Amino acid sequence: MSWFQWTIISLFVCILLLAVTIYNSRKSGLSHIPGPFLARYTDAWNLWLAWSTLHNGTGPSSYRKLQAKYGSVIRTGPNSVTVLDPSAVPTIYGVRSHLAKSPSYIPFRQPNVTTSLLSIPEEHVHAKYRKLVSNAYSMSSIKGYEPYVDQTVARFVEVCREHAERKEPINFSVWCHYYCFDVISILTFGYSLGFLEGKDSLGLIQRIKYFRDYTTLVSQMPWLHKIFSDNFLLRSRKRSAFMDLVRDRIRGRMQEFKEEDKERPDFLSHLLASHFQHPETMTEQQVMIFASGNFIAGGFSPAATLNELCYYLVTHPNSQDRLFAEVQQAGSPTTFDELKNLPYLEGVIREAYRLHSSTSGTFQRVTNPDGLVLPNGCSLPGSAYVGCPSATINRDTTIFGPDAYEYNPERWLQGPNENSDEYSERRRAMDRAELSFGQGSRSCIGKSVVALEMFKVIASLVSHFKFELAGYPQKSEVKAFVHLREDVKR
Ligand code: HEM
């Protein structure tokens, strides 16, 4: 072909692409929503925002700049709307909204899998699967998990004691990950994978961090998942050592499973009980999806949150002291039921949930065919993608106060000039808006598990030790000297 013919073909392709882009932008019926010019035509704009948030943590500040320019309802993609108004949280995520999840969840799926709890789009299909596993996350099951968590906390305390004796700073960022991954391995499979022995022999933490970065980016353009992961060529790759371990563990436990084991407190025993009751829905493959999903979801987010919580404690010695005093005054309680009632401890943990950055997604949903009217009166057509960026909502000053960007556990307590009605009203507003665990029927099913592991470990660490910052404080690399509390008192 001559260069002239090539030029004509290239021009034709460019015009066609332009026409499709303009058509898609108009078809969505979102022209009345203000937003950046490029975002009207391409999701690449959102991809750029996700990339800069991942690398510089700029999500909330970027959204605030957009809000100042365009208001609280912003068009951030050809078919996407981002809402920065906390009063829209119940409208979008409330149990009565019944909005399906958008394709942005597709990259969270393993190739060929459509039934992982987090990414099932339709509400009714999700409800069916969630019911099958909800027993494993119920409060009575949580009680059964407590001895496993105690055992893991004791080992973490031992690690801190060794550091104190050697006068060597502890790298919390590493050991918090080891603690949380040991908790989730023992809760899921009934045995620890030995993280608190100081190693991650399967390289799981690094792999899961990679997976977090991958999903953060690819969920902005979910069709990329077909190119990078879920395609014929890549599907035939050898299964990972972790998936082999999960499969072997499940097969071994299936063979030895007996009715009387039903009460044995780990996730796998609950999943297997469900498998034997509903073999047609809870297949062996499904058990594997839930067990591995539980490990991935239940390891990384708590670890990142605990890491950040340690950062706040290490950089706020007064907060450490106040926590120590509260635990001491309460007679150094050890059970979860007792610890849950310590208000300052709860405040410290709620601040870490609110400010942590492990899940800073937009939790996108799809509007129903008859559309959606937002609290500010803005009307969205059917099939539009809509969501609230959790990290930005969690720092909203109208809900969380003028210091919403700061660590302040007192915000969760009754203020000195506040009566109990005012306090309840303020707490309710924070609870309704906070998006750390999502909201409504798709909210985090493992929330009570996280509470169990956080309350226990923080109460134990502050009762035994005082932590002093070593070096320059960074959230991703928290290093601290450990002093035994008896030494501190002397
Ligand atoms: C601090 C720790 C954690 C945070 C911040 C967190 C956050 C979240 C969020 C934001 C969602 C999804 C909300 C949405 O898509 O709208 C979610 C879902 C989920 N989380 Fe967590 N999570 C944490 C710990 C855990 C743990 C420990 C487990 C397991 C033991 C777990 C298991 C799950 C599962 C299975 C789902 C999917 C639930 C469903 O769609 O029904 N998470 N989590």
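## A tour from C444 to the enclosed spaces

Start by selecting C444, which is partly exposed, with a relative accessible area of 33%. That label applies because partly exposed covers the range between under 20% (buried) and over 50% (exposed). Keep in mind as you go that you are looking at a predicted model.

**Stop 1: the iron donor.** Stay on C444 and show the ligand. Which protein atom donates to the iron? The SG of C444 does, at 2.3 Å, and C444 is the only protein donor of that iron atom. Now colour by secondary structure: C444 sits in the loop that runs between α19 (420-433) and α20 (447-464). The UniProt record, an unreviewed entry, also places a "binding site" feature at C444. To see what touches this cysteine, add R130 and F437 to your selection; these are the residues in contact with C444 once its neighbours within four places in sequence are left aside.

**Stop 2: the second largest pocket.** Keep F437 on screen, and select R350, Y353, E434 and K447 with it. Together these five lie nearest the centre of the second largest pocket, out of 19 residues that line it. Two elements each give two or more residues to this lining: α16 (343-355) and α20. The pocket has a volume of about 370 Å³. Colour the lining by class and you should find seven nonpolar, six polar and six charged residues.

**Stop 3: the largest cavity.** Next come the enclosed spaces. How many cavities of 30 Å³ or more are there? The count is three. For the largest, select I92, Y93, G94, V95, H98, L99, E123, R365, Q439, S441 and R442, which form its lining. The space inside has a volume of about 60 Å³. By class, this lining divides into four nonpolar, four polar and three charged residues.

**Stop 4: the second largest cavity.** Finish by selecting F172, C310, L313, V314, I458, L461, V462 and F467, the residues around the second largest cavity. Here α20 comes back into view: along with α13 (284-315), α20 gives two or more residues to the lining. About 40 Å³ of space lies inside. What classes of residue make up this lining? Eight are nonpolar, with no polar and no charged residues.

**Before you close the viewer.** Try showing α20 by itself with the two linings it serves. This helix gives two or more residues to the second largest pocket, and does so for the second largest cavity too. The loop holding C444 lies between α19 and this helix, which brings you back to where the tour began.

Terms used. Residues are numbered from 1 along each chain as its sequence is written. This is a predicted model: local features need pLDDT of at least 70, side-chain atom pairs count only at pLDDT 80 or more; totals for chains, interfaces and linings use all residues. Side-chain values use heavy atoms; hydrogens and water are left out. Donors are N, O and S atoms within 2.8 Å of the metal (3.2 Å for Na, K and Ca); water is not among the atoms, so sites may look incomplete. Helices (H or I, at least four residues) and strands (E, at least two) are DSSP runs, numbered from the N terminus. On a 1 Å grid over the protein atoms alone, a cavity is a set of points where a 1.4 Å probe fits but cannot get out, and a pocket is an open set with protein on both sides within 12 Å along at least five of seven lines; lining residues have an atom within 4 Å of a point. Grid points are joined across faces, edges and corners, and a volume is the space filled by probe spheres set on the points. Ala, Val, Leu, Ile, Met, Phe, Trp, Tyr, Cys and Pro count as nonpolar, Asp, Glu, Lys and Arg as charged, and the others, Gly among them, as polar. UniProt positions are given in the numbering used here, feature names are shortened, and annotations may be inferred rather than shown by experiment. Buried means under 20% relative accessible area, exposed over 50%, partly exposed in between (1.4 Å probe, protein chains only). Contact means heavy atoms within 4.5 Å.
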